[in-house]
Amino acid sequence: MADEISYFEVAAFLAEIESVDISDSTERTQWLVARLREKWPTLTPSQALAYVKAFEAG
């Protein structure tokens, strides 16, 4: 399906933007989730958060 979002697409995007200088981890996570939802509006907040957590876990 063309609508599906792969983890690799998300990980590549997060790798591009992860260097944002936000020291508070909660604020940083919220910022990353917001950026994912801007790029992929069909993601729910929970899905975007799951992608961020998986990305951060390595």
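Okay, a quick definition before we start: when I say helix, I'm talking about a DSSP run of H or I that is at least four residues long, and helices get their numbers from the N terminus. With that in hand, read along the sequence and you get the pattern α-α-α. So what does the count look like? Three helices and zero strands. The radius of gyration is 11 Å, close to the 10 Å that the globule rule gives for 58 residues, so this chain is as compact as a globular protein of that length.

Keep in mind that what you're looking at is a predicted model. How confident is the predictor? The mean pLDDT of the chain is 91, with 95% of the residues at 70 or more. Helix by helix, α2 comes out highest, at 95, and α1, residues 7–17, comes out lowest, at a mean of 93.

Some overall numbers next. Lay a box along the principal axes, and the C-alpha atoms fill roughly 40 × 20 × 15 Å. Of the 58 residues, 33% count as buried. And if you take contacts between residues at least 6 apart in sequence, 44% of them join residues at least 24 apart.

Now let's look at α3, which covers residues 45–57. Its 13 residues, at 1.5 Å a residue, should span 18 Å, and the end C-alpha atoms are indeed 18 Å apart, so expectation and model agree. Which residues of α3 are buried? Ala48, Tyr51, Val52 and Phe55. They sit on the same side of α3, because they cover an arc of only 95° around the axis. If you're wondering about that spacing, an α-helix has 3.6 residues a turn, so residues three or four places apart point the same way. The buried residues of α3 pack against α1 and α2. Turn to the face pointing away from that buried side and you meet exposed residues, Ser46 and Ala57. Right after α3 comes Gly58, with a positive phi, near 95°.

Last stop: Arg28, which you'll find in helix α2, residues 25–39. Is Arg28 buried or exposed? Its relative accessibility is 17%, and the cut-off for buried is under 20%, so Arg28 counts as buried. What does the side chain of Arg28 make a polar contact with? That would be the side chain of Glu56, at 3.0 Å. Setting aside neighbours within four places in sequence, Arg28 is in contact with Glu18, Val20, Ile22 and, again, Glu56. And Glu56 takes us back to α3, residues 45–57.

How values were computed
Residues are numbered from 1 along each chain as its sequence is written. This is a predicted model: local features need pLDDT of at least 70, side-chain atom pairs count only at pLDDT 80 or more; totals for chains, interfaces and linings use all residues. Side-chain values use heavy atoms; hydrogens and water are left out. Helices (H or I, at least four residues) and strands (E, at least two) are DSSP runs, numbered from the N terminus. Buried means under 20% relative accessible area, exposed over 50%, partly exposed in between (1.4 Å probe, protein chains only). A polar contact is a pair of N or O atoms within 3.5 Å; within protein, one must be able to donate a hydrogen and the other to accept it, and residues adjacent in sequence count only if both atoms are side-chain atoms. Contact means heavy atoms within 4.5 Å. pLDDT is the predictor's confidence in each residue, from 0 to 100. The expected span of a helix is 1.5 Å times one less than its number of residues. The arc is that of the directions from the helix axis to the C-beta atoms. The radius of gyration is taken over C-alpha atoms; the globule rule is 2.2 Å times the number of residues to the power 0.38.
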